[in-house]
Amino acid sequence: MHNFFLPQVPTNQDILTASKRIAPFVHKTPILTSSYLNDISGAELYFKCENFQKAGAFKFRGAINTVSSLPEEVLASGVATHSSGNHAGALALAAKMKGIPAHIVMPKTAPQVKVNAVKGYGANVYFCEPNQKAREDKLDEVVSNTGALFIHPYNNYSIIAGQATACLELLEETQSLDYVVAPVGGGGLLSGTALSAKYFSPITKVIAAEPTGADDAFHSVRDNKVYPSVNPDTICDGLLTSLGDKTFPIICDNVSEIITANDESIITAMRLVWERMKIIIEPSSAVPLAVVLNNPEKFAGKKVGIIISGGNVELGKLPF
């Protein structure tokens, strides 16, 4: 079934094609600045605000790119995935826009706000135990019962090409960034970001930001082998997954380094954005700013793009 997706690492043309394909569906999100955050970081920061994206996160780019690139007969039985959060909502919305069914497997511990969003887009939700094996087993069952096409949350080149369009827009609107910093969980956003920088702004280095309580990508890249994410312990619920066999090599080849930040500094960064920029971001989105603030010697005097990955946060459970 997988031959319906982009068959190789996205080229510059694949990313430009994705950008055109999704333009009618996505928000071209704003790039915001904060003189206060520039002052305390000593850097010139440009925030690409995917918290304003449809479904509240960058994930909608990959989902709508993938669904829009597939032939109608492949989509007739709908699409399926497993996700506790933003990919679930993104794929559900993309399916709704295309008028096809969506079947979403979610752990029974998923935040209620995210479950409500997925159901609100008209998707069928199936609950499972909160572990990887249970998610995959339930997904297999759903796919065999429905004939739906499984769309992986990040380990899929069509998804990666869609996610790359956020950095493409950032690079088109800002001149000669020294760095772009993006969070890393499964690596879909980071892979796309790194490819866009490589093709469209080769002087720009890409740095990954990862919570210390879920630093499997840091160890995987350091040792050149994929370590699974085992019992991650971080407030960043969007960054708990392991790298995939498609995202890992792209990251190894194109990301200059992975820097970790602890939850305390992530919460501080998140609160700064809420208070100073007056925008709602989720904890996973605050890791890049935490990394910049924790490493002034690296970023001082530099032009730095920061990808704010999403804003889906449970307002009743804020960490501050």
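## Pockets and cores

In this predicted model, 42 residues line the largest pocket, and Ser-84, Arg-135, Asp-237, Leu-240 and Thr-241 lie nearest its centre. Three elements give two or more residues each to this lining: α5 (86-98), α7 (132-146) and α9 (188-200). The pocket holds about 1,000 Å³ of space.

The second largest pocket has about 220 Å³. Its lining includes Pro-111, Val-113, Lys-114, Ile-235 and Pro-283. Asn-312, Val-313, Glu-314, Lys-317 and Pro-319 also belong to the lining of the second largest pocket. Asp-237 lines the second largest pocket and is among the residues nearest the centre of the largest one.

The table sets out both pockets.

| Pocket | Volume | Lining by class |
|---|---|---|
| Largest | about 1,000 Å³ | 15 nonpolar, 21 polar, six charged residues |
| Second largest | about 220 Å³ | six nonpolar, one polar, four charged residues |

Next, the cores. The largest nonpolar core has 33 residues. Leu-45, Phe-47, Phe-299 and Val-304 have the most contacts inside it. Strands β2 (44-49), β7 (179-183), β8 (205-211), β9 (257-261) and β10 (303-308) each supply at least two residues of this core, as do helices α12 (263-277) and α13 (283-294). Helix α12 gives the most, with seven residues.

Phe-47 shows the packing in detail. Leaving aside residues up to four places away in sequence, Phe-47 touches Pro-30, Ile-31, Leu-32, Leu-37, Met-277, Leu-289, Ile-306 and Ile-308.

A second core, separate from this one, has 31 residues. Val-67, Val-79, Val-115 and Val-118 are among them.

Terms used
Residues numbered from 1 in each chain as written. Predicted model: local features only at pLDDT ≥ 70, side-chain atom pairs only at ≥ 80, totals over all residues. Heavy atoms only, no water. Core = buried A, V, L, I, M, F, W, Y, C linked by side-chain atoms within 4.5 Å. Buried < 20%, exposed > 50% of the residue type's maximum accessible area, 1.4 Å probe, protein only. Helix = DSSP H or I, 4+ residues; strand = E, 2+ residues; numbered from the N terminus. Contact = heavy atoms within 4.5 Å. 1 Å grid on protein atoms, 1.4 Å probe; cavity = no way out; pocket = protein on both sides within 12 Å on 5 of 7 lines; lining within 4 Å. Points joined across faces, edges and corners; volume = space filled by probe spheres on them. Nonpolar A, V, L, I, M, F, W, Y, C, P; charged D, E, K, R; others polar.
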